[in-house]
Amino acid sequence: MMLLWLVLHTAAANRGSHRNGQATPAPTASDPRVRRADALNRWFSMIEHVPARARPLEGWTVSHRRDIQGRMRLVTSGNAKQVLTGGTYRNQSIIVKSSSANHTRDKLGDAVHLELVYLEALRGAPGIPELLGAWREGEHVWYAVADGGRPIGVAGQPGKGSKATVLSSEFIELARHEPLKLARALLRCFRSWASAGFLLDDFKAQQFTLDGRGDVYLVDGPSLLRAFPVGAAVYRATSHHRQKNNLAPPPSDCATNADCPSTKAHHACGVAGDCEAGARGAPESAGLCRAGACVAVGPWTHVFDTASRPWLLPGVVKYAEDSAPRKVLDRVMSKARLADPAKRPTFDAMLAEVERHI
Ligand SMILES: Nc1ncnc2c1ncn2[C@@H]1O[C@H](COP(=O)(O)OP(=O)(O)O)[C@@H](O)[C@H]1O
Ligand SMILES: [Mg+2]
């Protein structure tokens, strides 16, 4: 009981005294994405502090490792998370993840928390892997997600660098014969999270998978933008150490581009050598000052990105065998790559244009 009081009290204190005194935008309580993010935050706080009282959220079916069949093996570790494949649940292939075993990089499970917010807030949207459930083992929160297939490609190096991405054979095959369907799958995935105010700054091909049905998934939890409702709700509800990947709006005063923040180098591609040949970053991701104010990153930034990476729409065009779909995509991409974010199309508009030709 005492512990429960402490949890609730700390949450209230966090809401009241928000750092640097800046008001955060009011989240739209009617947005189901915000409601689900709130529910996830409450669950996470409970599982950390009073695990015995944590109840699975609606729709969660896996609540323990015993629910999973099969022999699981580690695919990655050494990063913030550990990722296991090979498990099944009701004959469906699943992926199991938790914070890193050695705890050094991600002591408090920030990466896991952020990814759970992403999966739960956007539940059911195209391109978001289904979260089957989460639980605690010792000091770690574990969770199970649907298998989204194989990565669409592998970047030349983990962070910034100019080595080319190698696209998967499945991506190339689909690009050859069904370019517009592949473009639609990519854009649907991007629309789901980018328009909800998530920002993928660890921007590389292996964060995306392609399954046997031709659907594309973003499998790694992206960062949040505090200027959008989900980011604002998470910012209010979580403690200070969880704010690292919840990005504040840029300063409103600037004299030059250097006064404005940049996203990660391998997303912004601001300096030669940051990104592979043919990749460009949106001007606002490298830091852009216009009329004395920094231009914010947002969904419009990822609109630019889809048209400016050899492993996204340009990769589809490169392999497409027919010229008609290539022309459609070239037209869509040229608008998406406009320097002025306000002139770029929305994901809805890009999708409408692609779908008109399917
Ligand atoms: N839901 C998933 N479906 C299929 N593969 C996945 C899924 N989640 C992760 N993976 C695979 O595991 C790799 C690492 O997972 P990720 O969540 O990106 O961890 P990290 O934070 O270490 O980058 C991914 O690049 C992908 O190949
Ligand atoms: Mg990853």
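Student: Why does R280 count as partly exposed?

Tutor: R280 has 17 C-beta neighbours inside 10 Å. A residue is called buried if 20 or more other C-beta atoms, placed from the backbone, lie within 10 Å of its own, exposed if 12 or fewer do, and partly exposed in between. Because 17 falls in between, R280 is partly exposed. This is a predicted model, in which local features need pLDDT of at least 70 and side-chain atom pairs count only at pLDDT 80 or more, while totals for chains, interfaces and linings use all residues. Residues are numbered from 1 along each chain as its sequence is written, and chains are lettered from A and ligands numbered from 1 in the order in which they are written.

Student: Where is the place of R280, and with which residues is R280 in contact, leaving aside its neighbours within four places in sequence?

Tutor: R280 sits in the loop between α7 (265-268) and β14 (289-290). The names α and β stand for DSSP runs numbered from the N terminus: helices are H or I runs of at least four residues, and strands are E runs of at least two. Beyond those sequence neighbours, R280 is in contact with C269 and S308; contact means that two C-beta atoms, placed from the backbone, lie within 7 Å. F304 is 24 residues away along the chain, yet its C-alpha atom is separated from that of R280 by 8.8 Å.

Student: D274 has its place in the loop between α7 and β14 too. Is D274 buried or exposed, and how do you know?

Tutor: Count its neighbours: 20 other C-beta atoms lie within 10 Å of D274, so it is buried. With sequence neighbours within four places left aside, D274 is in contact with K160, A265, H266 and C269. The C-alpha atoms of D274 and G161 are separated by 4.8 Å, although their positions lie 113 residues apart along the chain.

Student: What makes L167 count as buried?

Tutor: L167 also has 20 C-beta neighbours inside 10 Å, and therefore counts as buried. You will find L167 in strand β8 (residues 166-167). Leaving out neighbours within four places in sequence, its contacts are I152, G153, I172, W311 and G315.

Student: And D305, in helix α8 (residues 299-306): buried or exposed?

Tutor: D305 has 24 other C-beta atoms within 10 Å, so it is buried. Not counting residues up to four places away in sequence, D305 touches F203, A282 and L312. F203 is 102 residues from D305 in sequence and 9.4 Å from it in space, C-alpha to C-alpha. For the whole protein chain, buried residues make up 45% of the 358 residues.

Student: Why does R90 count as exposed, and what about its phi?

Tutor: With 10 C-beta neighbours inside 10 Å, R90 counts as exposed. R90 lies in the loop between β2 and β3 (92-99). Its phi is positive, about 45°, although R90 is not a glycine. A291 has a positive phi too, near 50°, and is likewise a residue other than glycine. A291 has 6 other C-beta atoms within 10 Å, so it is exposed, and its place is the loop between β14 and β15 (293-294).

Student: What makes α5 roughly parallel to α10?

Tutor: The axes of helix α5 (residues 179-194) and helix α10 (residues 323-336) come within 9 Å and cross at roughly 30°. That angle makes α5 roughly parallel to α10, because angles under 35 degrees count as roughly parallel, over 145 as roughly antiparallel, 65 to 115 as roughly perpendicular and the rest as oblique. The axes are lines fitted to C-alpha atoms over the stretch in contact, and angles run from 0 to 180 degrees between N-to-C directions. Where they meet, P179, L180 and A183 in α5 face P325, V328 and L329 in α10 as contact partners. Those residues divide into 6 nonpolar, no polar and no charged.

Student: How do you know that ligand 1 lies between domain 1 (27-146) and domain 2 (150-355)?

Tutor: Both domains give residues to the shell around ligand 1, so it lies between them; the bounds come from an automatic or database domain assignment. In total 18 residues surround ligand 1, and the closest are N79, G148, Q206, V219 and D220.

How values were computed
A residue is near a molecule or strand if its C-beta atom, placed from the backbone, lies within 6 Å of it. Ala, Val, Leu, Ile, Met, Phe, Trp, Tyr, Cys and Pro count as nonpolar, Asp, Glu, Lys and Arg as charged, and the others, Gly among them, as polar.
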